[in-house]
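Q: Got a minute to go through this model with me? I'd like to poke at a few spots.

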Amino acid sequence: MIELLDVLYKGTDKANTVGTLVVTDFSKAFDCADHTLAIQKLYNLGVRSELIPWIANFLTSRRHRVQYQSALSEWETLSCGVPLGALLGPIIFIALINDAAENAKACSFKYVDDLSLAEVRPANQPSQIDLDVQNLDDWANMNHLKLNPFKCKVMQICFKRQPPNPPDLVIAGKKLEFTC
């Protein structure tokens, strides 16, 4: 968070500049994490090969059922999802999204299941962050995750008397809400 604020404050402190911040939200992020993909990404990141079977067992051996009032469902084995209550859960999820926005021109900031993009540019130049947002949406779909366009927000930081219009950004066919 401090690095994000530093990028925006230092960048927009210069004359005739504008900053754009896109804050994203993955829908049911921990519930949708693909086990096979998460294990592959951990392996690609260099996690010791002796730990991979242990992590795979941690993820894939989970059975769940639902209770509603006095009724219980049958036990089901889940093919996706990372346990929230375990310390290993957020680490696995971070490994899963580690390569998200890796080629973005904007700065990317990740913290567990939060991902933000920040761009600072001359006010007279068009924003390029729309390409990064589209690439992130494509990445999410390829990695079996979904960005929630109703919870993703755009903020523009500009100290000019007449700031430029904020960029129109779209995720999943929905225009993102601009917030002050």
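Q: Okay, first one: what's the bridge partner of Met155 in S11?

A: That's Thr179. Keep in mind that we're looking at a predicted model.

Q: And how do S8 and S11 run, parallel or antiparallel?

A: Parallel, with three bridges joining S8 to S11.

Q: Which strands make up the sheet they belong to, and in what order?

A: The order is S6-S7-S1-S8-S11, five strands in an open sheet with mixed pairing. At the edges you have strand S6 (107–111) and strand S11 (177–179), each of which pairs on one side only. Neighbouring strands in this sheet are turned by 25 degrees against each other on average, direction ignored.

Q: What holds strands like that together, generally?

A: Backbone hydrogen bonds pair the strands of a sheet, either parallel or antiparallel.

Q: So how many bridges are there between S1 and S8, then?

A: Six, and S1 and S8 run antiparallel. To pick a spot on that pair, Val23 has Lys153 in S8 as its bridge partner.

Q: How about S6 and S7, parallel or antiparallel?

A: Antiparallel, with five bridges joining S6 to strand S7, residues 114–122. There, Phe109 stands opposite Ser116 in S7.

Q: Moving on to helices. Which strands does H1 lie across?

A: Helix H1 (residues 2–12) lies across strand S1 (17–25), S6, S7 and strand S8 (153–158). H1 runs at about 155 degrees to S1.

Q: Which residues form the nonpolar patch on the surface?

A: Met1, Leu5 and Tyr9, and together they have about 380 Å² of accessible area. Leu5 sits in helix H1, and it counts as partly exposed because its relative accessibility is 34%.

Q: What about H5, how many of its ten residues are buried?

A: Seven, so helix H5 (residues 88–97) is largely enclosed by the rest of the structure. The buried ones are Leu88, Gly89, Ile92, Phe93, Ala95, Leu96 and Ile97.

Q: And what do those buried residues of H5 pack against?

A: Helix H2 (29–32), helix H3 (35–44), helix H4 (52–60), S6 and H6.

Q: Switching to backbone oddities. What's the phi of Gln69?

A: It's positive, about 55 degrees, although Gln69 is not a glycine. You'll find Gln69 in the loop between strand S3 (67–68) and strand S4 (71–72).

Q: Is Gln69 buried or exposed?

A: Exposed, because its relative accessible area is 65%, where the cut-off for exposed is over 50%.

Q: And where is His144 found?

A: In the loop between helix H6 (129–142) and S8. His144 also has a positive phi, about 60 degrees, although it is not a glycine. At 47% relative accessibility, His144 counts as partly exposed.

Q: Last topic, Lys174. Where's its place?

A: Lys174 is in strand S10, residues 174–175. With a relative accessible area of 39%, Lys174 is partly exposed.

Q: Which residues is Lys174 in contact with, leaving aside its neighbours within four places in sequence?

A: Pro149, Phe150 and Leu169.

Q: And what separates the C-alpha atoms of Lys174 and Gly46?

A: They're separated by 37 Å, and the two residues are 128 residues apart along the chain.

Technical notes
Residues numbered from 1 in each chain as written. Predicted model: local features only at pLDDT ≥ 70, side-chain atom pairs only at ≥ 80, totals over all residues. Heavy atoms only, no water. Pairing = 2+ DSSP bridges. Helix = DSSP H or I, 4+ residues; strand = E, 2+ residues; numbered from the N terminus. Axes fitted to C-alpha atoms, helices over the stretch in contact; angles between N-to-C directions. Contact = heavy atoms within 4.5 Å. Patch = residues over 30% accessible without salt bridge, like charges linked within 9 Å, V, L, I, M, F, W, Y side chains within 5 Å. Areas by Shrake-Rupley, 256 points an atom, 1.4 Å probe, with all protein chains shown as cover. Salt bridge = Lys/Arg side-chain N within 4 Å of Asp/Glu carboxyl O. Buried < 20%, exposed > 50% of the residue type's maximum accessible area, 1.4 Å probe, protein only.
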